[in-house]
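Let's take a walk through this protein together, one region at a time. Have the sequence and the 3D view open as you read.

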Amino acid sequence: MSVAVIQFPGSNCENETCDALESNQIQYTLVPWNTDESLDRFDGFILPGGFSFQDRIRAGVIAAKLPILDKIKQQSEVYQKPILGICNGAQILVESGLFSDQNDIIDFNYIDHQMVGFICDWGFLTPFNSKDNLFLKSLSDNDVLPIQICHGEGRFILNYSPKSGMKYTSIDGKSTSDFPITPNGAEQGIAAISNTNGNALAIMPHPERSLDSKCYPLSIRAYAKKHNLNLIDFKSLFRAFEVQK
């Protein structure tokens, strides 16, 4: 398995993303946005977080219009290769039309009709219909996964119920779209969505920063220990690439 991590001008999470793959013994190549090479030799793709093209106009929209996105969409739609977009990478995938049959929009963080700006915090996610997405199928729908949140424009606006994905929850797995459990005002408390075919996932928080439970805040670890909670990490999300070999 060889995964292409696509680097755009303004990417700033490519190193953490590569580290996440390496920690799971998955081969990767850092591929520049303007490469002329064919992507056929890669078995999967990750679009990492950051601020591609300084988020001009709106997050992800410029990168989404590049020729490399047409190639990635072909790899997803024709060859059914796994595609993961994280934070700005999720915005790029949505803007590219990869999820166009679902009419997704990612907007600024709004809570109680007020824009709250950049959010940097820890939160919790739980999958839904996990068997319908290859990145989530090793998880159960009642698993709770701590995750780092780091975005100012990351609120899903949807006019449908996604086939599969992840929702914001409390530490004990209670899902609600209310603040602060859903920190950005996302509709239905959605933090990640699957495409219809189940081979692509767009996730707004940062799983590549959330692989080691030793990095969880002490308050999270103490609460989990006191209440005998089994918090799950995101290793299986990246191991999904290896499963496809």
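What follows is a tour of the interior, the aromatic rings, one helix, the cysteines and a few unusual spots in the backbone.

Before we set off, keep in mind that this is a predicted model. A good place to start is the inside. The largest nonpolar core has 63 residues, and F8, L84, M166, I203, F234, F238 and F241 are the ones that touch the most other members. Take F234 from that list: leaving aside residues up to four places away in sequence, F234 touches L125, L145, P146, I147, M166, I203, P207, S210 and L211. There is also a second, separate core of eight residues, which includes W122, Y216, I220 and A224.

Now look at L125, one of the contacts of F234. L125 belongs to strand β8, and with a relative accessibility of 0% it counts as buried. Again not counting residues up to four places away in sequence, L125 has contacts that include D143, V144, M166, K167, A191, I203 and P205. I86 is 39 residues from L125 along the chain, and their C-alpha atoms are 14 Å apart.

On to the aromatic rings. How many aromatic pairs does the whole structure hold? A search finds four. In one of them, W33 and F53 meet edge-to-face, with 5.8 Å from centre to centre and 80° between the planes. W33 lies in the loop between β2 and β3, while F53 lies in the loop between β3 and α2, so this pair ties together parts that are 20 residues apart in sequence. W33 itself is partly exposed, at a relative accessible area of 31%. Another edge-to-face pair is W122 with Y216, at 5.6 Å centre to centre and 70° between the planes. Here the link is between distant parts of the chain: W122 is in strand β8 and Y216 is in the loop between β13 and α5, 94 residues apart. Y216 is buried, with a relative accessible area of 5%.

Rings can have charged company too. The charged end of K81 sits over the ring of Y79, 5.7 Å from its centre, and K167 lies over the face of F128, at 5.6 Å from the ring centre.

Next comes helix α1, residues 14-23, whose buried residues are E14, T17, C18, A20 and L21. Looking down the axis of α1, you'll see these buried residues fall within an arc of 155°, so they line one face of the helix. That fits a general rule: an α-helix has 3.6 residues a turn, so residues three or four places apart point the same way.

C18 brings us to the cysteines. Why does the structure hold zero disulfides? For C18, the closest cysteine sulfur is in C13, 11 Å away, which is too far for a bond. C215 is in a similar position: its closest cysteine sulfur, in C120, is 14 Å away, also too far.

Finally, the backbone. Most residues other than glycine have a negative phi, and most peptide bonds are trans. Just after α1, Q25 has a positive phi of about 55°; Q25 counts as exposed, at 66% relative accessibility. C87 also has a positive phi, near 55°, and sits in the loop between β4 and α4, but C87 is buried, with a relative accessible area of 5%. Last of all, a cis peptide bond joins F179 and P180, with omega about 5°, and P180 is in the loop between β11 and β12.

Notes
Residues are numbered from 1 along each chain as its sequence is written. This is a predicted model: local features need pLDDT of at least 70, side-chain atom pairs count only at pLDDT 80 or more; totals for chains, interfaces and linings use all residues. Side-chain values use heavy atoms; hydrogens and water are left out. A disulfide is a pair of cysteine sulfur atoms within 2.5 Å. Rings of Phe, Tyr and Trp (its six-membered ring) pair if their centres lie within 6.5 Å; planes under 30 degrees apart count as stacked, over 60 as edge-to-face and the rest as tilted. Helices (H or I, at least four residues) and strands (E, at least two) are DSSP runs, numbered from the N terminus. Buried means under 20% relative accessible area, exposed over 50%, partly exposed in between (1.4 Å probe, protein chains only). A charge sits over a ring if NZ of Lys or CZ of Arg is within 6 Å of the ring centre and within 35 degrees of the ring normal. Contact means heavy atoms within 4.5 Å. A nonpolar core is a set of buried Ala, Val, Leu, Ile, Met, Phe, Trp, Tyr and Cys residues joined through side-chain atoms within 4.5 Å. The arc is that of the directions from the helix axis to the C-beta atoms.
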